[in-house]
Amino acid sequence: MSAVDVYLADLRAAIPGPSWTRRDLLREAGDHLEDATDAYTAAGYTPTEAEALALRDFGSVDDIAPGFRDTVAIGAARRTAILLVLVMLPQAFLWDGGIELGASAHSAAPDSGLFHVLDIVIGYVGTAGALGALVALAVTAIGQRWLRIGRRTARLTAAWSLATAVIVPIIGFTMLTLTGGLTVFLALSALAFMAAPFALVALSAQRTLAAC
């Protein structure tokens, strides 16, 4: 292995997180080092000397890795925020309006304090989750132009998304169960349109936390 190959392997090991984000960054780093090596070689240095100079200019793994980790974490957080937005937006349409998958159960909604409290809570949690995801998406997408965005922002985005992805399905299934109108069709619909999408959000959030 060349010195550049060893350097890139060490850099890869120093950057946790989703492989697709790391792959893009490492490709860019490799391209930069290759161009720098070619430039030094054209200037009359031997290949070994050219690689050493290119690596010196690029910086050590200890110096470069923190910035790369921030980039990977923010990229993962942005992906999680996008996924949460895409999952949250259809929920009200699917269950309370439009398609109204839960209409049969809602018609038998029990007149109990617990059910009404859960109905209020899920409304607030859903709204807060969607708004938080939109804010996180804006911050991680274009906020870097004006704000110092790093792994702390990524952790907050992931934690917010994970909490929303866990709380909403739990409350939703509890409410459907309390109605006494939970049919097989309704249970399968809840699994397909609520549990499964939020599980993907939770998985993405966990990967974001791993990148931080």
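**Group meeting talk: an all-helix predicted model**

Good morning. I begin with one residue: Leu191 is partly exposed, with a relative accessible area of 44%. Partly exposed denotes the range between buried, under 20% relative accessible area, and exposed, over 50%, with a 1.4 Å probe and protein chains only. Leu191 belongs to helix α8, which covers residues 184–211. If neighbours within four places in sequence are set aside, Leu191 is in contact with Phe173, Ala196 and Pro197; contact means heavy atoms within 4.5 Å. From C-alpha to C-alpha, Leu191 and Phe173 lie 9.2 Å apart in space, with their positions 18 residues apart in sequence.

Let me state what we are looking at. This is a predicted model, in which local features need pLDDT of at least 70 and side-chain atom pairs count only at pLDDT 80 or more, while totals for chains, interfaces and linings use all residues. Residues are numbered from 1 along each chain as its sequence is written, and side-chain values use heavy atoms, with hydrogens and water left out.

Now the overall form. The protein has eight helices and zero strands; helices (H or I, at least four residues) and strands (E, at least two) are DSSP runs, numbered from the N terminus. What is the radius of gyration of the protein, set against that of a compact globule of 212 residues? The protein has 24 Å, whereas such a globule would have a value near 17 Å. The radius is taken over C-alpha atoms, and the globule rule is 2.2 Å times the number of residues to the power 0.38. Along the principal axes, the C-alpha atoms fill a box of roughly 85 × 35 × 25 Å. Of the 212 residues, 40% count as buried. Among contacts between residues at least 6 apart in sequence, 77% join residues at least 24 apart.

I turn to the interior. In soluble globular proteins, nonpolar side chains tend to be buried together. A nonpolar core here is a set of buried Ala, Val, Leu, Ile, Met, Phe, Trp, Tyr and Cys residues joined through side-chain atoms within 4.5 Å. The largest such core has 25 residues, of which Tyr7, Leu11, Leu33, Phe58 and Phe68 touch the most other members. Two or more residues of this core come from each of α1 (3–13), α2 (19–42), α3 (47–58) and α4 (61–95). The most, eight residues, come from α4. Phe68 shows the packing: beyond its neighbours within four places in sequence, Phe68 is in contact with Leu11, Ile15, Leu25, Ala29 and Phe58. A second, separate core has 21 residues, including Val85, Val168, Ala190 and Phe198.

Helix α7 (residues 151–179) offers two further examples. Thr157 is located in this helix, and Ser161 lies there as well. Are these two residues buried or exposed? Thr157 counts as buried because its relative accessible area is 7%, and Ser161 is buried at 1%. Residues up to four places away in sequence are again not counted: Thr157 touches Ala77, Ala81 and Ala136, while Ser161 touches Thr80, Leu84, Val201 and Ala205.

Finally, a loop residue. Gly59 sits in the loop between α3 and α4, and it is buried because its relative accessibility is 15%. Outside the four places on either side in sequence, Gly59 touches Tyr7 and Ile64. Gly59 and Arg69, 10 residues apart in sequence, are 15 Å apart from C-alpha to C-alpha. Thank you for your attention.
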